[in-house]
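Biologist: Got a minute to walk me through this one? I'd like to start with the strands.

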Amino acid sequence: MARVKLEEAEVRLSELLDRVEAGEIFEILRHDKPVAQFVPMRTSAKPIDVEQLKTFTASMEPPDELVDSATFIRGMRDTDRY
């Protein structure tokens, strides 16, 4: 983990963010004491395959009867599937 003084981080912020986006981690120092970290954002593990999702939902059978959400949730709760 690289350490960067606050004054330097202010001047090179754009460059540091590019490097963080590439996976690096930086510790920001103020008066030689660590006060913050620049870390990459977590992204979802795997993108959703829309075509696979459409195929899956098309294969599902519709419910026997349509119920409102309150009745549906109450039924799940009462049958211990909550």
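Biologist: Which residue in S2 is the bridge partner of valine 4?
Modeller: Isoleucine 28. Bear in mind that this is a predicted model.

Biologist: How do S1 and S2 run, parallel or antiparallel?
Modeller: Parallel, with 4 bridges joining S1, residues 2-5, to S2.

Biologist: And what about S2 and S3, parallel or antiparallel?
Modeller: Those two run antiparallel. S3 covers residues 33-38, and 5 bridges join S2 to it. One pairing there is leucine 29 with proline 34 in S3.

Biologist: How many residues sit between S2 and S3?
Modeller: There are 2, and the two strands form a hairpin. Histidine 31 is in that turn, with a positive phi of about 55°.

Biologist: Is S2 mostly covered or hardly covered?
Modeller: Mostly covered. Of its 5 residues, 4 are buried.

Biologist: Which residues make up the largest nonpolar core?
Modeller: There are 6: Val4, Ala9, Leu16, Val20, Phe26 and Ile28. Helix H2 (13-21) and strand S2 (26-30) are the elements that each give two or more residues to this core.

Biologist: Any general rule behind that?
Modeller: In soluble globular proteins, nonpolar side chains tend to be buried together.

Biologist: What does phenylalanine 26 contact beyond its neighbours within four places in sequence?
Modeller: Met1, Ala2, Val4, Leu16, Arg19, Val20, Ala36, Gln37 and Phe38.

Biologist: Switching to H2. Where does glutamate 15 stand on exposure?
Modeller: Glutamate 15 is in helix H2. It counts as partly exposed because its relative accessibility is 37%, and the partly exposed range runs from 20% to 50%.

Biologist: How far is glutamate 15 from aspartate 32 in space?
Modeller: 21 Å, C-alpha to C-alpha. In sequence they are 17 residues apart.

Biologist: New topic. Which domains does the assignment give?
Modeller: Domain 1 is 2-38 and domain 2 is 50-80. Their C-alpha centres lie 48 Å apart.

Biologist: How many residues of H3 are buried?
Modeller: The count is 0 among its 10 residues, 50-59, so to speak of H3 as hardly covered is fair.

Biologist: What happens at the start of H3?
Modeller: A side-chain oxygen of aspartate 49 comes within 3.2 Å of the backbone nitrogen of glutamate 51.

Biologist: Which residue caps the N-terminal end of H4?
Modeller: Aspartate 68. One of its side-chain oxygens lies 3.3 Å from the backbone nitrogen of alanine 70, and H4 spans residues 69-78.

Biologist: And what phi does aspartate 80 take?
Modeller: A positive one, about 60°, just after H4.

Methods. Residues numbered from 1 in each chain as written. Predicted model: local features only at pLDDT ≥ 70, side-chain atom pairs only at ≥ 80, totals over all residues. Heavy atoms only, no water. Polar contact = N/O pair within 3.5 Å; in protein donor to acceptor, adjacent residues only side chain to side chain. Core = buried A, V, L, I, M, F, W, Y, C linked by side-chain atoms within 4.5 Å. Buried < 20%, exposed > 50% of the residue type's maximum accessible area, 1.4 Å probe, protein only. Contact = heavy atoms within 4.5 Å. Domains from an automatic or database assignment. Pairing = 2+ DSSP bridges.
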